[in-house]
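I sat down with this complex today and kept notes as I went. Domains come before confidence in these entries, simply because that was where I happened to start.

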Amino acid sequence: MSAPAQPHGIGTCTRCGLCQQACPTYRDWRLEADSPRGRVEIVERIAAGERPDAAMAEHLYACLGCRACETACPSGVPFGDLLEFGRREVERTGTLAPERGGWRTFRSFVFERVLPSRALFGAMMMPAKTLRHMPTLARLLRSLPMSSGARRALAMASIETPMGNGRLPAHSKAIGERRARVALFTGCVMDALFGGVNEALVRVLRSSGCDVVAPSGQWCCGALNVHAGEQRRALAMARRNIEAFERADAEAIVVDSAGCGAHMKSYGRLLEGEPAFADRAAAFAGKTVDATEYLDRIGVTMNRPPSARRVTYQDACHLAHGQKIRQAPRALLRAMPGVEFVELRDADRCCGAAGVYSLTHPAMSQRVLDEKLAKIAEAGVDTVTVTNPGCHLQLAPALAQRGVRVRHVVELVDEAIHHSSRGTAF
Amino acid sequence: MDVRFAAALEAIVGRRHALTTPQEIRAYAYDGGVDRSLPLAVVLPGSTEEVAAVVRACCERDMRFVPRGAGTGLSGGAIAAGDAIVISTARLCRILEIDAPNRIALVEPGVVNADVSAAAHPHGLRYVPDPSSMAACTIGGNIAENSGGLHCLAYGVTSAHVLGIRIVTPDGDIEWLGGKTVDTPGYDLAGVFIGSEGTLGIATQAVLALSPIPETVQTLLGIFDSTDAATAAVSAIIGRGIVPGALEMMDALATSAVEADVGAGLPTDAAALLLIDIEGLRDGLEGTVDAVASICRERGAREVRIAQDGPQRDLLWKGRKSAFGAMGRISPDYYVQDGVIPRSQLPAMLRDVAAAGTKHGLRIANVFHAGDGNLHPLILFDKQKEGEFDRALAAGADILQACVARGGSISGEHGIGLEKRDCMPLQFTPEDLSFMDRLKSAFNPDDRCNPGKIFPTGRRCGESARTAKSGTLDERTAALAGEPF
């Protein structure tokens, strides 16, 4: 078999091992092949032309993709890129273990059919939306026998999320003096289940002097596709978003989902091989900012106590490790009147959501979550803030039972500016 | 791999923790150093008793075994040389007790170094030895290598902080060496075991001495335009009777890599940086800090910065601790040496290092524990380029030769392992080595435990088993991988 094109960052790992303790699977299993450097070793073999077998595939898919190892790595190994490459080669040429038989079907359905299509995704989300209005049905479903992955999906589907009022205008004018024109990336899961966060972000941006456009034609960023080794649709999704946002002519592309933001910031690399798109992708990536990053940069005036008192922050992996943003969300929370900010121990460790990981590897995901829940209990807070829908869906079902709320940082910023004005019209 | 033996191992540790397929054991072919070698199998026991059972199973079948901790070592100590299985202590990772009144901790060998201090911190205590890899390396490996660390200048290396060790002997017996008190009567067997590089048995528990966290710490950064001036300042500080908690030096090449990693605002145009911790009681500390700063200036420092707060201090030290791995930013591969010389020889020795680089056409970055004269020249190479690995080994051998010629030693703290075994004759006579061998034989008469380490094989220093063959490192590794299991 011929060696595939060499991925960016191959050969930068020196095997020093400083990544090991940053890795959730290594800390739990203590197996070298399930440590970051062990996985790099596997990816390097694949890059050298070795055909990935079931065991290699298993180690690559057992990774949460949290990229905490990138923070620990002194050598600057772009682990996320290497992992995406490895999984892509697994999907292209490799074999999977028999017990992963369902994965390929799930994968082709979710990543090649559902996520690329706004209509199909919307249809798939309908049961989730319905379940929220029918708690008795949700309880009934929960009593049925099912796999732990399905049980988890059900738990996520039936929790309360800020769906919003479903009215996100294409153009909103700045309130007061206009300082900037920004474009909002509305996403797929954010759009379907967290419309209220997108709406809050628009209100906050307007109050902070931004004209906000929500370009039509945009859709899912494709992050989950590349994480699952799917490239063809992911490239198409990136191109579509680039085109949609070029028409918006904004100085910044603001995104309130850390996982999406991290991937959108890498569009430049994703499309560097396509002459028609390389420069445009780099320009898109250069304009992309996380919502907390942008709000912290332009400065927001928060005068009102939000509906949370004692608050902690769970770092989204793809914000802290993927985008190296840690201080911005904390600075916003600290500046809120009436809020006592408490640091969460090991806040930058993954919560176990990790995209579709909580569905494909429910047992490991649950152990990672349990560790997180214990530390949240230690912090003694009424609210855990997040910057990513995956974390929200992972934490909320478990925390709801303990009377702890999960909120997006931007929701609290909105309240601190507009005083719980979640129903306010635009 | 014999099927019945594999079954015996599985019966002891469970199927999940007995690795016998090539895909699983390949991840154990490396440590943090430059050597690569595949074990026949890997077992991860979950208790002292399981370790002993695995060792006894090895004895019954005359199988050799290699203890391994986190695999962050730099001399090939934790990889199998020839036919052997690896016994990993990774699952023995519990802190069993923090006994604050008696200032001791009872831990298993797979506990991460930094976690001991973290657990002791609420009691105002810390575990002093702090190798740069402290966030990943484990206590078992620290004991095997008698690891040093940034703060060992003032407080001594691992052997000064380990009171007792529970071991599984190479015959599979369970013994305690030393105990919970500072001194035990009879021979100091724990002292013998510490630094034996896994050749005398496998540690399964350790009693560690904890020390009070100093009341105050001040960190200084001395910035120099010449390495000679920086080394002169080192000698002058020690000569003045000041014992800093840590006294580290980095040259310009090392600084450029480190700064790319941590962004601590280090001046990348300086020839050398000194990083100095002054710690102790608050009273009188200012005077010492002032004295150190003025010595640096007298010796030609263009600037002396004092870290303003904890985070700034942590950032400076994080940079120093990540220096080895950060070489990946400026070179695909590196080979770190670990020579020791008398402090007064530092300026001349640095010229020897530079000469070795010039001679072999390789860049060499310098990071070292200047306070105790322990050099870490980082020889940069690219294993993909024909002959570069061999030249790196040769440059390393030249440096070690120079260390010995200047009255020093070929290893400070990384161990001899596979990597430097053939350099031992530079420093020891055949009689010396034979005496050491007699000690090893008292514990490990059949050379079953970590065979092939420390003692020379008869090749020249700088000429490893594989370099005798031609081809790149990868080809050699591939050849090894093709050997039957």
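**Domains of chain A**

I started with a distance: the C-alpha centres of domain 1 and domain 4 of chain A are 27 Å apart. I should jot down that this is a predicted model. Next I counted contacts across that pair, and twelve residues of domain 1 of chain A are in contact with 14 residues of domain 4 of chain A. On the domain 1 side, helix H1 (24–29) and helix H4 (68–72) of chain A each supply at least two of the touching residues. I sorted that side of domain 1 of chain A by class and got five nonpolar, four polar and three charged residues.

For the bounds I went to the domain assignment, which splits chain A into domain 1 (20–96), domain 2 (103–157), domain 3 (171–296) and domain 4 (301–418).

**Chain A as a whole**

I tallied 23 helices and nine strands in chain A. Its radius of gyration is 21 Å and the globule rule gives 22 Å for 426 residues, so chain A is as compact as a globular protein of that length. I also took the span of the C-alpha trace of chain A along its principal axes, which is about 60 × 50 × 40 Å. Of the 426 residues of chain A, 52% count as buried. Then I looked at sequence separation: among contacts in chain A with a separation of 6 or more, 77% are between residues 24 or more positions apart.

**Helix H23 of chain A**

How many residues of helix H23 (residues 409–418) of chain A are buried? I get nine of its ten, so to speak of it as mostly covered is fair. I wrote down the buried ones: Val409(A), Val410(A), Glu411(A), Leu412(A), Val413(A), Asp414(A), Glu415(A), Ala416(A) and Ile417(A). Glu411(A), Asp414(A) and Glu415(A) are on that buried list, and I marked them for another look.

I then asked what covers the buried residues of H23(A). The cover includes helices H11 (195–207), H17 (291–298) and H19 (327–334) of chain A, along with strands S8 (383–386) and S9 (405–408) of chain A. After H23(A) comes His419(A), and its phi is positive, near 55°.

**Chain B as a whole**

Moving on to chain B, I find 17 helices and 18 strands. The radius of gyration of chain B is 22 Å, close to the 23 Å from the globule rule for 485 residues, so chain B is as compact as a globular protein of that length. The box filled by the C-alpha atoms of chain B, along the principal axes, is roughly 70 × 60 × 45 Å. Buried residues make up 56% of the 485 in chain B. Of the contacts in chain B between residues at least 6 apart in sequence, 72% join residues at least 24 apart.

**Domains of chain B**

The domain assignment gives chain B domain 1 (3–90), domain 2 (95–212), domain 3 (216–326) and domain 4 (331–443). I picked domains 2 and 3 of chain B, whose C-alpha centres lie 28 Å apart. Five residues of domain 2 of chain B are in contact with ten residues of domain 3 of chain B. That side of domain 2 of chain B has three nonpolar residues, two polar and no charged.

**The nonpolar core**

Which residues touch the most other members of the largest nonpolar core? They are Val254(A), Ile85(B), Leu274(B) and Leu378(B), out of 280 residues in that core. Helix H14 (residues 388–405) of chain B gives this core its largest share, ten residues.

I followed up Leu378(B). Setting aside its neighbours within four places in sequence, Leu378(B) is in contact with Ala254(B), Phe324(B), Met327(B), Tyr334(B), Val336(B), Ile364(B), Ala365(B) and Val367(B).

**Between the chains**

I counted 23 residues of chain A in contact with 29 residues of chain B. Helices H2 (36–47) and H3 (54–61) of chain A are the elements giving two or more residues to the chain A side. By class, that side has nine nonpolar, nine polar and five charged residues.

**Confidence**

Last, I checked the scores. The predictor gives the complex an ipTM of 0.92 and a pTM of 0.92. Chain B has a mean pLDDT of 92, with 95% of its residues at 70 or more. I flagged residues 467–485 of chain B, where pLDDT stays under 50 and the model has 20 contacts beyond four places in sequence.

Conventions
Residues numbered from 1 in each chain as written. Chains lettered and ligands numbered in written order. Predicted model: local features only at pLDDT ≥ 70, side-chain atom pairs only at ≥ 80, totals over all residues. Contact = placed C-beta atoms within 7 Å. Helix = DSSP H or I, 4+ residues; strand = E, 2+ residues; numbered from the N terminus. Nonpolar A, V, L, I, M, F, W, Y, C, P; charged D, E, K, R; others polar. Domains from an automatic or database assignment. Core = buried A, V, L, I, M, F, W, Y, C linked by C-beta atoms within 7 Å. Buried ≥ 20, exposed ≤ 12 C-beta atoms within 10 Å, placed from the backbone. pLDDT = per-residue confidence, 0-100. Rg over C-alpha atoms; globule rule 2.2 N^0.38 Å.
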